[in-house]
Amino acid sequence: MCASLGVADTSHHTHHEPRACQVNGGKWIVRLVKGVAARYWEEVLMAVLGGRFDVGDEICGCVLSVRYNEDILSIWNKSADERDVCLAIRDTLRSVMGALADLAFSEPASPTPLPPPTPPL
């Protein structure tokens, strides 16, 4: 089972034309133990829709993938090479989810690796 929210994308694409998220983008992945996904999914969706991430139109999608052993929540962004944007998304995601430690950034390619998350205060 997979639930997703495609954040507003007013551009027109053909099935042969990749979207910005697919070409230059990346995604934050949060692996969740069974039973907590619904709570975090709601919190993250409200934060994205409410503009709490404050990164303009950089976020282009959110996905919750319900699996057998774990659930995976992902936030997709358009520019994996924009370090400041990626870190802002990471920090806001940590704040929204209560500073869970298990955040990983997945991207097609990056010139420099992102630093590990800072421990919560």
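Asp71 lies in strand E4. The model is predicted. In this model, Asp71 has a relative accessibility of 4% and therefore counts as buried, the limit being under 20%. A polar atom of the Asp71 side chain sits 3.2 Å from the backbone nitrogen of Arg67. Beyond four places in sequence, the contacts of Asp71 include Val30, Arg31, Leu32, Val33 and Lys34. Gly35 and Ala37 are also among them. So are Leu64, Ser65 and Val66.

Leu73 belongs to the largest nonpolar core, which holds 22 residues. Six of its residues touch the most other members: Val44, Phe53, Leu73, Ile75, Ile89 and Leu93. Two or more core residues come from each of strand E2 (26-33), helix H2 (37-49), strand E3 (59-66), strand E4 (70-77) and H3. H2 gives the largest share, with seven residues. In soluble globular proteins, nonpolar side chains tend to be buried together. With residues up to four places away in sequence set aside, Leu73 touches Trp28, Ile29, Val30 and Leu32. Tyr40, Trp41 and Val44 are touched by Leu73 as well. Val63 and Leu64 complete the list for Leu73.

Helix H3 spans residues 83-96 and has 14 residues. From first to last C-alpha, H3 reaches 20 Å. This is close to the 20 Å expected at 1.5 Å a residue. The buried residues of H3 are Val85, Cys86, Leu87, Ile89, Arg90, Thr92, Leu93, Arg94 and Val96. An α-helix has 3.6 residues a turn, so residues three or four places apart point the same way. Two of the buried residues of H3, Ile89 and Leu93, are also among the core residues that touch the most other members. Just after H3, Gly98 takes a positive phi of about 80°.

Cysteine pairing was examined next. The count of disulfides is zero. Cys62 is in no disulfide. The nearest cysteine sulfur to that of Cys62 belongs to Cys60 and is 9.0 Å away. A disulfide needs the sulfur atoms within 2.5 Å, so the 9.0 Å to Cys60 rules out a disulfide for Cys62. Cys62 has 1% relative accessibility and so counts as buried. Cys86, in H3, has 0% relative accessibility and likewise counts as buried.

Two further residues pair with positions distant along the chain. Val23 is placed in helix H1 (residues 20-23). At 45% relative accessibility, Val23 counts as partly exposed, because this value falls between the 20% and 50% limits. Val23 and Lys78 are 55 residues apart along the chain, yet their C-alpha atoms are separated by 8.2 Å. Gly56 lies in the loop between H2 and E3. Gly56 counts as exposed because its relative accessibility, 73%, is over 50%. The C-alpha atoms of Gly56 and Val85 are separated by 9.5 Å, with these positions 29 residues apart in chain offset.

For the protein chain overall, the secondary structure comes to three helices and five strands. Along the sequence, these follow the pattern β-α-β-α-β-β-α-β. The chain has 121 residues, of which 36% count as buried. Among contacts with a separation of 6 or more, 73% join residues 24 or more positions apart. The accessible surface of the chain comes to about 7500 Å². Carbon and sulfur atoms account for 55% of this surface.

Methods:
Residues numbered from 1 in each chain as written. Predicted model: local features only at pLDDT ≥ 70, side-chain atom pairs only at ≥ 80, totals over all residues. Heavy atoms only, no water. Helix = DSSP H or I, 4+ residues; strand = E, 2+ residues; numbered from the N terminus. Expected span 1.5 Å × (residues − 1). Buried < 20%, exposed > 50% of the residue type's maximum accessible area, 1.4 Å probe, protein only. Contact = heavy atoms within 4.5 Å. Areas by Shrake-Rupley, 256 points an atom, 1.4 Å probe, with all protein chains shown as cover. Core = buried A, V, L, I, M, F, W, Y, C linked by side-chain atoms within 4.5 Å. Polar contact = N/O pair within 3.5 Å; in protein donor to acceptor, adjacent residues only side chain to side chain.
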